[in-house]
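This briefing is meant for someone meeting the structure for the first time. Please keep the sequence and the model in view while reading the points that follow.

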Amino acid sequence: MKKIVLKNCISALVAVAFLFGAWVLAWVAIGNELLVPAPWKCLGVLGSLCKTREFWTSFGGTFARTLTAFVISFILAAVFALIAYLSPAFARVFSPIVTALRSLPVLAVLLILWLILGAGDAPIAVAFLSLFPMLYTAILTALSAVDEDLIVMSRVYDVPLRKRIFSLYLPSAAPYVLKESGAALAFSLKLVVSAEVVARTAKSLGGLMDDARAWGEIPTLFALVVATFVTAVVLESVTALLARAVERRVK
């Protein structure tokens with residue numbers, strides 16, 4: 001486990017170093033602080049932001065919306081995917097609905113939901129509409145990959161459906177589902193922040209970004225983007241480690 005953690009940390013550091021280098025090159029090439037400020041200047045601004053109550057209040061609001069959208073999406077996706085796995089007829093009927101949700105134009109839907117739900121809840125709804133089909137497909141794929149021999153054996157020995165679900169199907173699918181959930185959680189954060197920017201949600205990272213853009217505070221805007229990026233990477237990395245731990249336990 002320690003080797004896996006070390007390997008992931010090294011990979012993350014390499015990725016961060018690459019992105020930082022690309023940022024420096026862009027700063028040198030463009031040579032305009034109003035368009036691309038120096039990385040160290042933005043990191044200094046981020047450090048100053050982290051000392052303010054406004055930043056943490058906004059961060060907490062965004063994080064709460066992100067988790068709310070993810071949890072609702074995950075629970076409903078797990079329920080519908082399990083039903084679809086157990087009932088092929090339901091899967092055929094539900095498939096076009098999932099495809100339709102996946103094809104929705106996010107920005108247009110956001111503007112409609114903004115009018116209906118308000119700036120606070122619209123980002124949650126928009127994230128749900130994108131996350132649900134993603135998680136549904138991932139969970140259904142994981143369930144479909146459960147060892148067929150174990151399924152046949154459980155039926156031969158007349159294992160009750162409830163026990164098959166909680167002792168065979170879900171544990172077997174858990175590692176893949178957790179891995180995909182990490183990516184979905186990070187994606188949820190990016191969706192919520194983007195929606196907050198458009199909706200100008202109060203007490204949110206997206207709202208702070210929109211204020212920074214409006215006032216021409218470009219280093220602050222970049223610093224908030226960095227904060228969002230780092231948070232997404234941490235969420236995905238932690239979930240990936242959890243998935244590996246569960247996979248080792250299942251095996």
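Leu221 counts as partly exposed in this predicted model, because its relative accessibility of 21% falls between the limit for buried residues, under 20%, and the limit for exposed ones, over 50%. Leu221 belongs to helix α10, which covers residues 218–250, and, leaving out residues up to four places away in sequence, it touches Met209 and Ala212. Leu221 and Arg164 are 57 residues apart in sequence, and their C-alpha atoms lie 50 Å apart in space.

**The chain as a whole**

- The chain contains ten helices and zero strands, so that a reader following the sequence meets the pattern α-α-α-α-α-α-α-α-α-α.
- Along its principal axes, the C-alpha trace spans about 70 × 50 × 35 Å, and of the 251 residues in the chain, 38% are buried.
- When contacts between residues at least 6 apart in sequence are considered, 74% of them join residues that are at least 24 apart.
- The accessible surface of the chain amounts to about 14500 Å², and carbon and sulfur atoms account for 70% of this area.
- The chain carries 22 positive and 14 negative charges, and the mean positions of these two groups are 6 Å apart.

**Helix α9 and its surroundings**

- Helix α9, which runs over residues 205–214, is mostly covered, with seven of its ten residues buried.
- The buried residues of α9 are Leu205, Gly206, Gly207, Leu208, Met209, Asp210 and Ala212; Met209 and Ala212 are also the residues that Leu221 touches when residues up to four places away in sequence are left out.
- Just after α9 comes Gly216, whose phi is positive, at about 70°.

**The loop between α8 and α9**

- Arg200 is located in the loop that links α8, residues 161–199, to α9, and its phi is near 55°, a positive value in a residue other than glycine.
- Lys203 is placed in the loop between α8 and α9, and its phi is likewise positive, near 55°, although the residue is not glycine.
- As background to these two values, most residues other than glycine have a negative phi.
- Are these loop residues buried or exposed? Arg200 counts as exposed because its relative accessibility is 56%, where the exposed class begins over 50%, and Lys203 is exposed because its relative accessible area is 62%.

**Glu196 in helix α8**

- Glu196, a residue of helix α8, has a relative accessible area of 0% and is therefore buried.
- Which side chain does the side chain of Glu196 meet in a polar contact? The partner is the side chain of Arg65, at 3.1 Å.
- Not counting residues up to four places away in sequence, Glu196 touches Thr62, Arg65, Pro123, Thr201, Ser204, Leu205, Gly206 and Gly207; among these, Leu205, Gly206 and Gly207 are buried residues of α9.

**Helix α3 and Phe90**

- Helix α3 takes in residues 53–86, which is 34 residues, and it reaches 49 Å from its first C-alpha to its last, close to the 50 Å expected at 1.5 Å a residue.
- At the start of α3, a side-chain oxygen of Thr52 comes to within 3.4 Å of the backbone nitrogen of Phe55.
- Phe90 is found in helix α4, residues 88–102, and it is partly exposed because its relative accessible area is 25%, between the limits of 20% and 50%.
- Leaving aside neighbours within four places in sequence, Phe90 is in contact with Phe80, Ile83 and Ala84; Phe90 and Phe80 are ten residues apart in sequence, with their C-alpha atoms 9.1 Å apart.

**Ser130 in helix α6**

- Ser130 has its place in helix α6, which covers residues 122–144, and it counts as buried because its relative accessibility of 17% is under 20%.
- Ser130 touches Val106, Phe187 and Leu191, when residues up to four places away in sequence are not counted.

Note on methods:
Residues are numbered from 1 along each chain as its sequence is written. This is a predicted model: local features need pLDDT of at least 70, side-chain atom pairs count only at pLDDT 80 or more; totals for chains, interfaces and linings use all residues. Side-chain values use heavy atoms; hydrogens and water are left out. Helices (H or I, at least four residues) and strands (E, at least two) are DSSP runs, numbered from the N terminus. The expected span of a helix is 1.5 Å times one less than its number of residues. A polar contact is a pair of N or O atoms within 3.5 Å; within protein, one must be able to donate a hydrogen and the other to accept it, and residues adjacent in sequence count only if both atoms are side-chain atoms. Buried means under 20% relative accessible area, exposed over 50%, partly exposed in between (1.4 Å probe, protein chains only). Contact means heavy atoms within 4.5 Å. Accessible areas come from the Shrake-Rupley method with a 1.4 Å probe; for residues, only the protein chains shown count as cover. Lys and Arg count as positive and Asp and Glu as negative; His and the chain ends are not counted. The place of a charge is taken as NZ of Lys, CZ of Arg, CG of Asp or CD of Glu.
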